[in-house]
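Me: I am new to this structure and should like to know the grounds for the terms applied to it. Please set each value against its definition.

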Amino acid sequence: QVQLVESGGGLVQAGDSLRLSCTASGRTFSTYGMGWFRQAPGKEREFLASITRIGLTYLVNSIKGRFTISRDNTKNTVYLQMNNLKPEDTAVYYCAADPADPPRSYPYWGQGTQVTVSS
């Protein structure tokens, strides 16, 4: 089992950048596929990006060119770099882990970090 803690959220202006971090407990982080999701007020949770154990990435089209996902297995951390933020990016951002690789079902979740983008 793995425990996840997100950080790096905050209030920014449109066009700004943020880097979210998700740090995992335990010594098996490198064996998990990881993903980032977000949930805006009144909307369903939305998948954004995933990264495999060896760093292969997938991002949904709506964020390609603005967001990148990466991981540092030596720090048990996965990142979501978000550039050129827009008000519609306002949401709670969650990281998730899956023992399967590539990740699919994500049984482990963090508590989320709020990102608010003002216009």
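Me: What makes Asn76 notable in the hairpin of S7 and S8?
Reply: In this hairpin, which has four residues between the strands, Asn76 takes a positive phi near 55°. The model is a predicted one, in which local features need pLDDT of at least 70, side-chain atom pairs count only at pLDDT 80 or more, and totals for chains, interfaces and linings use all residues. Residues are numbered from 1 along each chain as its sequence is written, and side-chain values use heavy atoms, with hydrogens and water left out.

Me: How do you know that S7 and S8 pair, and which way do they run?
Reply: Strands (E, at least two residues) are DSSP runs, as are helices (H or I, at least four residues), numbered from the N terminus. Two strands pair if DSSP finds at least two bridges between them. S7 and S8 are joined by six bridges and run antiparallel; Thr68, for example, has Gln81 in S8 as its bridge partner. S3 and S8 also run antiparallel, with six bridges, and the partner of Cys22 in S8 is Val78.

Me: Why is Cys22 called buried?
Reply: The term buried means under 20% relative accessible area, whereas exposed means over 50% and partly exposed lies in between (1.4 Å probe, protein chains only). Cys22 has a relative accessible area of 0%, so this residue is buried. Cys95, at 0%, counts as buried too, and so does Ser50 at 11%. Strand S8 is described as mostly covered, since five of its six residues are buried.

Me: What makes Cys22 and Cys95 a disulfide?
Reply: A disulfide is a pair of cysteine sulfur atoms within 2.5 Å. The S to S distance of Cys22 and Cys95 is 1.9 Å, and a search of the whole structure finds one disulfide. Because Cys22 lies in strand S3 and Cys95 in strand S9, the pair ties together parts that are 73 residues apart in sequence.

Me: Why is this disulfide called right-handed?
Reply: The torsion about the S-S bond of Cys22 and Cys95 is about 50°, so the disulfide is right-handed.

Me: How do you know which residues Met82 touches?
Reply: Contact means heavy atoms within 4.5 Å. Not counting residues up to four places away in sequence, the residues that Met82 touches include Leu18, Leu20, Phe67, Tyr93 and Val115.
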